Amino acid sequence: MDKRIEALIDFLDNAHSVFHAVAGLEKVLLDAGYQALNEWNAWDLIPGGKYYLKRNDSAILAFRIPQGNPKGFLLSASHADRPCFKVKENGELKGAYTRLAVERYGGMLISPWLDRPLSVAGRVMVETESGIESRLVDIDRDLLLIPNVAIHMNRQANDGYKWNPAVDTLPLMGSKEAAGKFQTILEEAAGGKILGHDLYLYIRQKASVWGLEEEYISSAALDDLECAWCCTQGFLNAAESSAIPVLSVFDSEEVGSASLQGAASDLLEVTLQRICSCLNLPLPQMLAQSFMVSADNAHAIHPNHPELADAANTPVMGKGVVLKYNANQRYTSDGVSAAIFRKVCAKAEVPVQTYCNRADLPGGSTLGNISLAHVSVPSVDIGLPQLAMHSCYETAAISDAIALENAMAAYYGAALERTASGYTLK
Ligand code: CO
C-alpha cells in the first residue's frame, strides 16, 4: 500500500475523539520540528522558525516564518470533530442492565451506530496536588453496544423508523451489577480523581481499504479528518513560499463552530495579529494579500441514488478534489477563488470536480464562511468526494486523498501576488 495511505490510516485508527485527532496532528508537527507555543506566553518568532499552538486541546494551528519579507498568509481550515454520541454527566443508567446516558453531538446518521462494538475516548480533568490537569483517555476495548430491537417486535423497522435519542440509542455496558463501574474504569484510565470530562463514543471498527482495485477507503470521521490530514501533509511537504503558510484545524464545526476553539472563535484572527506584531508586519496589508482554502468533505454521487445529485455538478469518488459552490455563500468559492484554486491544482496535476447542491435540496454548510467573518480574505471551499456523510463509517477514494495532499503542497508552496486586474501565481 502507498506509504501516504498507510500514514492516513494510522492517523484515523488512533483518532478516537477530537482530542486524539488533534494529538495525532500535533505528533506529526513535533516530528517535523515544529515548536509548541502557548497563547498565555509571549512569543519570540524568527525567520525560518516553525511553530504550532493548540486551544482546548481540540483545535490546532501551525505556521512557519519564511526568510525575507513575508507577503500575505496562505491559510487552510478544516475540522477535527465529528458527529457522535457524548457521554452525559452522571453517565450511568440503572435497570435490568447498566447502560450509559449519552446525547447526540452534531447531525449524525443514527442507524449505523447500532449492533457494533463501541468504546469511549476523550479528555478528562484530573485533580492533582497543585490543581487540575488535562489528560487524554481512551478505554480502547469493546465496552459498549447499542442493540437494535428485533424485527419481531418492530415489524415497521424496514419501512422508516423515527429514532428517539432518549430511548433508542443508549448503549448497554453490562449487567445490573455493573452499576458504578464506569467511573472506576475512567479513573483507572485517567490515573486520578476526575473533576470534569468531555467523553465520546467511538466505533471499534478500523479503517479499511477495499474494492475491486482497492480504490476505496472506509473509516470513522473521514469528514473531516481526511482533509485535516491531507492539508497537514501538504503544509509540511510544501516548498518555501514568500507567504506565511498557516494550517488551522478547528473543533465544533458539527455544532455550528461557535465555541472557544471553533472557526467562529477569535483563534485564527488573534494568531495572525500576534504573528504580525511579533514580526512588525502591517496586518491589513498582509490580509489583503492572503488566501484561504476551506477544506471539508463533499458529497459524491451515490451509486444507488444518482437522482440526489445536481444534474451537472456531480463529483465521483476517485476523480479528484471537489470545488464546492453555493450561491448563498454556504460555500465561499466564487469566480476569483475558484480560478486561483484551479490554477494551483493544474500545477499539481490534480483533477478538479465541481459540486453544487441540487437546487431543491438545502445541503450542508461548513466553516469557510464562518471563518471569513473574522479573517476576511478570498476563500475557496473544497473537499474530497465521499459517501454516507455523518455515518459513523464513511467511504471515500484513496486516490483523492493523495490528490489533495499534492494540491495542498502546491498551494502552500505557491507565490501568489495580487495585481490591479487579478493575480500572478508562480
Ligand atoms: Co465536515
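**Figure 1. Aromatic pairs in the predicted model, with a close-up of Phe-11 and Trp-229.** In this predicted model, the count of aromatic ring pairs comes to 11. The pair shown here joins Phe-11 and Trp-229, whose ring centres are 4.8 Å apart and whose planes meet at 20 degrees, so the pair is classed as stacked, given that planes under 30 degrees apart count as stacked. The two partners come from distant parts of the chain, since Phe-11 belongs to helix α1 (residues 3–14) and Trp-229 to helix α4 (residues 222–237), with their positions 218 residues apart. Phe-11 has a relative accessible area of 5% and is therefore buried, and Trp-229, at 4%, is buried as well, because buried means under 20% relative accessible area.

**Figure 2. Close-up of the aromatic pair Trp-210 and Tyr-216****.** The rings of Trp-210 and Tyr-216 lie 5.1 Å apart, centre to centre, with 50 degrees between their planes, and this pair is tilted. Trp-210 has a relative accessibility of 39% and so counts as partly exposed, while Tyr-216, with a relative accessible area of 23%, is also partly exposed.

**Figure 3. Close-up of an aromatic cluster and of two charged side chains over rings.** One aromatic cluster is formed by Tyr-34, Phe-235, Phe-291, Tyr-411 and Tyr-412. Phe-235, a member of this cluster, also has Arg-64 over its face, at 4.6 Å from the ring centre. In a further example of a charge over a ring, the charged end of Arg-274 sits over Trp-43, 4.0 Å from the centre of that ring.

**Figure 4. Close-up of the largest cavity.** The structure holds 2 cavities of 30 Å³ or more, and the largest of them encloses about 100 Å³ of space. Its lining is made up of 13 residues, among which Arg-82, Pro-83, Ala-220, Ala-221 and Cys-392 lie nearest the centre of the cavity. Sorted by class, this lining has 8 nonpolar, 2 polar and 3 charged residues. Strand β10 (residues 194–203) gives the largest share of the lining, with 3 residues, and at least three lining residues come from each of domain 1 (3–82 + 220–425) and domain 2 (84–203).

**Figure 5. Close-up of the second largest cavity.** About 30 Å³ of space lies in this second largest cavity, which is lined by Phe-250, Ala-263, Ser-265, Leu-268, Glu-269, Ser-371, His-374 and Val-375. By class, the lining of this cavity has 4 nonpolar, 3 polar and 1 charged residues.

Terms used. Residues numbered from 1 in each chain as written. Predicted model: local features only at pLDDT ≥ 70, side-chain atom pairs only at ≥ 80, totals over all residues. Heavy atoms only, no water. 1 Å grid on protein atoms, 1.4 Å probe; cavity = no way out; pocket = protein on both sides within 12 Å on 5 of 7 lines; lining within 4 Å. Points joined across faces, edges and corners; volume = space filled by probe spheres on them. Helix = DSSP H or I, 4+ residues; strand = E, 2+ residues; numbered from the N terminus. Nonpolar A, V, L, I, M, F, W, Y, C, P; charged D, E, K, R; others polar. Domains from an automatic or database assignment. Phe/Tyr/Trp six-rings, centres within 6.5 Å; stacked < 30°, edge-to-face > 60°. Buried < 20%, exposed > 50% of the residue type's maximum accessible area, 1.4 Å probe, protein only. Lys NZ or Arg CZ within 6 Å of the ring centre and 35° of its normal.
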